[in-house]
Amino acid sequence: MHIQEWLATVPALSVYLLVGVVIGLESVGIPLPGEIVLVSAAILAATQDHINPFVLGACASVGAIVGDSIGYLIGRKGGKPLLDWAGRKFPKHFGPDHVAMAEAKFDKWGMWAVFFGRFIALLRIFAGPLAGVLKMPYWKFLIANVLGGVIWAGGTTALIYTVGLVAEPWLKRFSYVGLVAAALFGIGSFLLMRHRAKKAAAAREAAEAEAESPVAVTVD
């Protein structure tokens, strides 16, 4: 069976649920490829008439908002020990360098770190839990969470769906290429964020070394 014929048999409900659940779990703080799943689903919607892009965007938005809210509550209850535990379990995602970088973003942007964090790979898994750990007022968190979730999920769906419609003849002929492109997009975001985490780690180590260096004492 050709891949396009197989994709036509995928139930729309299963696509909506998959997108909502994966994005929701990622927003809770579980390292999952939410962006890759959403981009792939939007490409699928552009080539398959039975998948409604509006419903897809709504499911992604709900998953993002609800997942972030649950992550916030978990972070509020768990506090710093929760981040320490996550760092031991998932050092590649919740290591001290990643946490330090995320905290720096919160110090710089405040409540809008939740909003902007939705658009940055890896920081998405920190936004909700870290906001809870830092005891951000929930009303501030909720405003940024809803705005970020709707604009990121809806905007990504609309953008990729529109591009998919323009490239539909090409995508229908090379569907797997579109899916690979979506995966490369997500991997590229991941590598960029890891590079930024390394820069943050280097800056932190330099600051610690400077603080620990002995102060010269001049004797007359």
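The following dialogue examines salt bridges and buried residues in a predicted model.

Visitor: Why is the contact between E26 and R124 called a salt bridge?

Guide: The N to O distance between the side chains of E26 and R124 is 3.5 Å. A salt bridge requires a side-chain nitrogen of Lys or Arg within 4 Å of a carboxyl oxygen of Asp or Glu, so the pair qualifies. The two residues lie 98 residues apart, E26 in helix α2 and R124 in helix α8.

Visitor: What makes R124 buried?

Guide: The relative accessible area of R124 is 3%. Buried means under 20%, and therefore R124 is buried. E26, at 5%, is buried because its value also falls under 20%.

Visitor: Which residues do shared salt-bridge partners join into one network?

Guide: E35 also forms a salt bridge with R124, with the closest N and O atoms 3.6 Å apart. This pair links helix α3, which holds E35, to helix α8, which holds R124. Shared partners thus join E26, E35 and R124 into one network.

Visitor: How do you know that R118 and D68 form a salt bridge?

Guide: Their side chains meet at 3.1 Å, N to O. The cut-off is 4 Å, so the contact counts as a salt bridge. R118 belongs to the loop between α7 and α8, whereas D68 belongs to helix α4.

Visitor: Why is A121 called buried?

Guide: A121 has a relative accessible area of 11%. Because this value is under 20%, A121 is classed as buried. A121 is found in the loop between α7 and α8.

Methods
Residues numbered from 1 in each chain as written. Predicted model: local features only at pLDDT ≥ 70, side-chain atom pairs only at ≥ 80, totals over all residues. Heavy atoms only, no water. Helix = DSSP H or I, 4+ residues; strand = E, 2+ residues; numbered from the N terminus. Buried < 20%, exposed > 50% of the residue type's maximum accessible area, 1.4 Å probe, protein only.
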